Amino acid sequence: MPQSELAVSIHHLVKSYHRGGQVVPVLSDITLDIAAGEFVALMGPSGSGKSTLLNLIAGIDRPDSGELRVCGTDIMALNEAELADWRAGHVGFIFQFYNLMPVLTAFENVELPLLLTGLGARDRRERVGVALNMVGLSDRVDHYPSELSGGQQQRVAIARAIITDPEILVADEPTGDLDRVSAEDILGLMERMNQELGKTIIMVTHDPHAAQRARLLKHLDKGVLVD
Amino acid sequence: MHLLKLILRNTLRHKLRTLLTVLGLLVAILSFGLLQTVVDAWYSGANNAAPDRLVTRSSVSLMVPLPVHYREKIRALDGVRSVAAANWFAGVYQEPKNFFPQFAIDAVPYLAMYPEYRIPEDQLRDFLRDRKGAVVGRKLADTYGFRVGDTVPLKGTIFSGSWDFVVRAIYDGATPRTDTSQFFFHWDYLNESVRTRAPQRADQVGVFVVRVADLSRAAEISRAIDTQFSNSAVETLTETEQAFQIGFVKQTEAIVIAIRIVSFVVIFIILAVMANTMAMTARERMAEYATLKALGFGPGFLGGLIYGESLAIAAAGTLLGVALTFPVADWFARQMGTLFPVFEVSASTVQLQLACAAVVGVAAAVLPAWRAARVRIVEGLRAAG
Ligand SMILES: Nc1ncnc2c1ncn2[C@@H]1O[C@H](COP(=O)(O)OP(=O)(O)OP(=O)(O)O)[C@@H](O)[C@H]1O
Ligand SMILES: [Mg+2]
């Protein structure tokens, strides 16, 4: 597969944590390519390093060694400020606990990432309107997170994740805090993001049901990929 | 704009916590302002001193009187415009707690030297005509309800016996900072009475107030006066009125220093309270800061949020505190009567209040902002669950 069509390209990636003078290896020698437009589910037992791998790909954590190219960028070479800018442009985040700003309305939460772009107020309003419509929350624009159900909050979070039109969406157990019906709802939405908008999605999940919705399954065990 | 909106909403997030912190700041800034005003009041005599007035006293101590005949010798010196005798009387009006300063003065030259005491012309004439007459300041008159024509009985302490004076004039201050808590009467009347009651204490003067014609020669004239009496029975010490007043305040400097220290301790305490509030707030929001960082917001934005909130709270408490300082100081001044001749909130006090508040607002945010800027995103997000 040519380099340009790879969303993620990982070679011999190693990551360990230091705790009280001890080195705790978390990921040992991960090699993995993910094509652009792929929908990958990352599974594995608790503590196997799924979140760690996802965080490295998303550029919110740093590996010890290896190669890590995401959307064609060697993100290991970026400094903190460059990495922050890169994330703002290329990665959309979906968290297990939604992580919305409680003092902002649904509209304002979705608008937040756009404040880092040069977009004017009117363009922002338009885009936020489209995104909230896409996740089916046009009637909840002025609601605060505390006034929304978990499923609705996660939909707001998805709208926030796609608002800057990033290539990659990373989701760490996006349905982990939701009931069956809401979870199906969210997974359906993510499928649409993948199919209709062509987003590359990498999703960590414990739920085999959720994993089935992905097109590719990867298993981690004790920091090693097993297929 | 969006930053301001976030700051405002974050500030109102824990309404009770914010309210209590604002109240604490209010009380601290108010107390600080009042204590600074007390310190100012202490120095008001020195601040009201005129540069062309000198005070000549015994070089030994204020307790040692000067012979009255020094008056003519001082007046004869080159550059001296006028001289007035003044004796501290220290009489008691009804009860010892009713303190106000009383001076026996050479009325004409003395009052001419203090143009800031404004006396209606007819009242001044009446006062000069009545040997037992007195001039009282407006604040003093208001405190004890003295009116023109009233007799004020004073019980002597330095000069024993009962003394009756008739209020002939009430003076107003040229500015709000002029001391209008004083009581003046004729030195000649004091001296005549002393001559009959205790002849050996007659013809003695506490201090001479000297007015010089040319400000630039004040130091030279001071030296000339002291040289004049350098080999006399009572040697003199002449200094500017301001130096004299500061010397007076110096005796109680320890109290002033203590008040100053307490006023800054109050600020320090509120700083600790504020810093604790901000630290608590920032700790609770670490996951939000981490999320913002993940979305690409930098340490500057997080710093803006935290400093902004801290300064917003500080500003609210301070504006209320400063606004309240004026009425409370007024009330305080009324309760204290003539104890503090001048009790005015000065511009420099307000400036100090604002400066302290700015320091508190900034300092309280330093540590939380630093932590938020440094927190690793994955660690901060972990706090979310
Ligand atoms: N900051 C850290 N310091 C030390 N060890 C850490 C740190 N973060 C993660 N680890 C360790 O790294 C290993 C992998 O953690 P990770 O969160 O990636 O697991 P996971 O597969 O996502 O597990 P789960 O399914 O429970 O979320 C675990 O053993 C964990 O204890
Ligand atoms: Mg995990």
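A strand here is a DSSP run of E with at least two residues, and strands are numbered from the N terminus. The exercises below use this term for a predicted model.

**Exercise 1. In which strand is the place of Asp29(A), and how does its backbone stand out?**

Step 1. Asp29(A) belongs to β2 of chain A, the strand that covers residues 22–35.
Step 2. The phi of Asp29(A) is positive, about 55°, although the residue is not a glycine.
Step 3. Partly exposed covers the range between 20% and 50% relative accessible area. Asp29(A) has 46% relative accessibility, so it counts as partly exposed.

**Exercise 2. Find where Asp203(B) is placed and describe its phi and exposure**.

Step 1. Asp203(B) is found in a loop of chain B, between α8 (187–197) and β10 (204–205).
Step 2. Its phi is positive at about 60°, and Asp203(B) is not a glycine either.
Step 3. With 33% relative accessibility, Asp203(B) counts as partly exposed.

**Exercise 3. Compare the radius of gyration of chain A, and then of chain B, with the globule rule**.

Step 1. Chain A is made up of seven helices and 10 strands. Its radius of gyration is 17 Å, and the globule rule gives 17 Å for 227 residues, so chain A is as compact as a globular protein of that length.
Step 2. The C-alpha trace of chain A spans about 50 × 40 × 40 Å along its principal axes.
Step 3. Chain B holds 15 helices and 12 strands. Its radius of gyration, 29 Å, is well over the 21 Å that the rule gives for 385 residues, so chain B is more spread out than a compact globule.
Step 4. The principal-axis spans of the C-alpha trace of chain B are about 95 × 45 × 30 Å.

**Exercise 4. Set out burial, contacts, surface and charge for each chain**.

Step 1. In chain A, 53% of the 227 residues count as buried. In chain B, buried residues are 51% of the 385.
Step 2. Take contacts between residues at least 6 apart in sequence: in chain A, 71% of them join residues at least 24 apart. For chain B, with a separation of 6 or more, 81% of contacts are between residues 24 or more positions apart.
Step 3. Chain A has an accessible surface of about 9900 Å², with 49% of it on carbon and sulfur atoms. For chain B the accessible surface is about 18000 Å², and 62% belongs to carbon and sulfur atoms.
Step 4. Chain A carries 20 positive and 31 negative side chains, with the centres of the two sets 2 Å apart. Chain B carries 39 positive and 32 negative side chains, and there the centres lie 11 Å apart.

**Exercise 5. Which residues have the most contacts inside the largest nonpolar core, and which helix gives the most to this core?**

Step 1. The largest nonpolar core has 89 residues, and the most contacts inside it belong to Val8(A), Ile10(A), Ile30(A), Leu53(A) and Phe93(A).
Step 2. Helix α2 of chain B, residues 15–42, gives the most to this core, with 10 residues.
Step 3. Apart from this core lies another of 41 residues, which includes Val167(B), Val205(B), Val210(B) and Ile225(B).
Step 4. Beyond its neighbours within four places in sequence, Val8(A) is in contact with residues including Leu32(A), Ile34(A), Ile57(A), Val70(A), Ile168(A) and Ile202(A).
Step 5. As background, nonpolar side chains tend to be buried together in soluble globular proteins.

**Exercise 6. Is helix α1 of chain A mostly covered or mostly open?**

Step 1. Of the nine residues of α1(A), which spans residues 50–58, eight are buried, and the helix is mostly covered.
Step 2. Among the buried residues of α1(A) are Lys50(A), Leu53(A), Asn55(A) and Ile57(A).
Step 3. Gly59(A), just after α1(A), takes a positive phi of about 75°.

**Exercise 7. Decide whether Ile170(B), and then Thr227(B), is buried or exposed, and give a C-alpha separation for each**.

Step 1. Ile170(B) is placed in strand β8 of chain B, residues 162–173. Its relative accessible area is 9%, which is under the 20% cut-off, so Ile170(B) is buried.
Step 2. Leaving aside neighbours within four places, the contacts of Ile170(B) include Ile119(B), Val136(B), Phe146(B) and Val148(B).
Step 3. From Ile170(B) to Pro199(B) is 29 residues in sequence and 32 Å in space, C-alpha to C-alpha.
Step 4. Thr227(B) is placed in helix α9 of chain B, residues 218–228. Its relative accessible area is 53%, so Thr227(B) is exposed.
Step 5. Thr227(B) and Gly300(B) are 73 residues apart in sequence, and their C-alpha atoms are 69 Å apart.

Definitions and conventions
Residues are numbered from 1 along each chain as its sequence is written. Chains are lettered from A and ligands numbered from 1 in the order in which they are written. This is a predicted model: local features need pLDDT of at least 70, side-chain atom pairs count only at pLDDT 80 or more; totals for chains, interfaces and linings use all residues. Side-chain values use heavy atoms; hydrogens and water are left out. Helices (H or I, at least four residues) and strands (E, at least two) are DSSP runs, numbered from the N terminus. The radius of gyration is taken over C-alpha atoms; the globule rule is 2.2 Å times the number of residues to the power 0.38. Buried means under 20% relative accessible area, exposed over 50%, partly exposed in between (1.4 Å probe, protein chains only). Contact means heavy atoms within 4.5 Å. Accessible areas come from the Shrake-Rupley method with a 1.4 Å probe; for residues, only the protein chains shown count as cover. Lys and Arg count as positive and Asp and Glu as negative; His and the chain ends are not counted. The place of a charge is taken as NZ of Lys, CZ of Arg, CG of Asp or CD of Glu. A nonpolar core is a set of buried Ala, Val, Leu, Ile, Met, Phe, Trp, Tyr and Cys residues joined through side-chain atoms within 4.5 Å.
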